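Q: Please take a close look at one part of this structure. What surrounds it, and how is it arranged relative to its neighbours?

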Amino acid sequence: MNDTFKHQGLRLQLVSTLKSKGITNAGVLNAITKIPRHLFMDSSFLDHAYQDKAFPIAADQTISQPYTVAFQSELLQVKRGDKVLEIGTGSGYQTAVLCELGAKVYSIERQQELFKKTSKFLPKLGYRPKKLIFGDGYKGMVEEAPFASIIVTAGAPFVPKPLLAQLAIGGRLVIPVGDKVQTMTLFVRTGPKAFEKTELGEFRFVPLLENKN
Ligand code: SAH
C-alpha cells in the first residue's frame with residue numbers, strides 16, 4: 001500500500017486535466033487529489049493509474065475514467081451525511097470518492113469476485129461504506145430507501161423503475177442510458193410522481209448486467 005510523492009504529483013496533474021475539461025466542484029477535485037487510484041488497479045496497470053482513462057479490473061470489468069467519475073459525482077451534488085446508493089461497486093474507486101464527499105454510501109455489485117475483493121480492500125484505505133452488498137442493481141436497495149442520490153456506474157439499457165422509486169423528493173439519479181453508447185441522464189425527483197430529466201452527453205460504460213450469475 002504505497003503512495004509516494006510521485007503518485008501525489010501525478011494526481012495533481014490529473015486534477016488539472018479534469019479542471020481543463022470543465023470539472024469545478026471543489027469536493028470532487030479534493031477527493032481525486034486525495035485518493036490513491038493506483039491502489040485500486042491491478043499491478044500491471046499501475047503506470048497508467050493517473051491517465052484520464054478507464055482500465056480493466058477483475059471479472060472483465062473496468063475502473064471508470066476519472067473524468068467520468070468526476071462528471072457523475074459532480075451531478076450528484078452530494079452534501080455531507082447524504083444517503084447515496086451506488087450501482088456497480090467495481091474497484092471501489094467511485095465508492096471512495098463518495099466517502100470523501102461525506103456521503104453515507106450504499107453500494108451493490110453483481111460480480112462475486114469484485115464484491116469480495118473490494119469489501120476487503122476499502123476499509124484498508126480507511127473507507128467505510130455503510131453497506132456493500134452482492135446483488136442486483138436493477139432492484140436498488142429498497143430497505144434503505146429513500147436516497148438523496150443514486151449513481152449507476154454501468155450502461156443501463158433502460159432506466160430501472162425501482163431506482164426512480166427509491167429517490168427522496170428532491171433526490172437525483174445519475175445514470176448512463178443506452179446499449180453500445182450511453183447518454184448520461186440526470187433525473188431529479190420533483191414530487192411523488194414527478195421527475196425532471198436532463199441529458200448530458202455521450203459516454204461509454206460496460207453493460208449493467210441483467211439476470212446474470
Ligand atoms: N464504480 C466502478 C465502476 C465499475 S464498472 C469503479 O469505480 O471501479 C461497472 C460495475 O458494475 C462492474 O463492477 C460490474 O460488475 C457492475 N455491474 C454490472 N451489472 C450490475 C448489476 N446488475 N448490479 C450491480 N452491479 C452491476
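**Helix 2 and its surroundings**

A: The buried residues of helix 2 are covered by elements that include helix 1, helix 3 (66–76) and helix 4 (93–100); helices here are DSSP runs of H or I with at least four residues, numbered from the N terminus. This is a predicted model, in which local features need pLDDT of at least 70 and side-chain atom pairs pLDDT 80 or more, while totals for chains, interfaces and linings use all residues. Residues are numbered from 1 along each chain as its sequence is written, and side-chain values use heavy atoms, without hydrogens and water.

Within helix 2, the buried residues are Val-28, Leu-29, Ala-31 and Ile-32 (under 20% relative accessible area, 1.4 Å probe, protein chains only). Because these residues cover an arc of only 160° around the axis, they lie on the same side of helix 2 (the arc uses directions from the axis to C-beta atoms).

Helix 1 spans residues 5–20 and helix 2 residues 26–34; their axes come within 8 Å and cross at roughly 155° (lines fitted to C-alpha atoms over the stretch in contact; angles from 0 to 180 degrees between N-to-C directions). The two helices are therefore roughly antiparallel (over 145 degrees). From helix 1, Arg-11, Leu-12, Leu-14, Val-15, Leu-18 and Lys-19 make the contact, and from helix 2, Leu-29, Ile-32, Thr-33 and Lys-34 (heavy atoms within 4.5 Å).

Helix 3, another of the covering elements, has 11 of its 11 residues buried, so the rest of the structure largely encloses it. Among them are Tyr-67, Phe-71 and Glu-74. Gln-77, which follows helix 3, has a positive phi near 50°.

Definitions and conventions. Angles under 35 degrees count as roughly parallel, over 145 as roughly antiparallel, 65 to 115 as roughly perpendicular and the rest as oblique. Buried means under 20% relative accessible area, exposed over 50%, partly exposed in between (1.4 Å probe, protein chains only).
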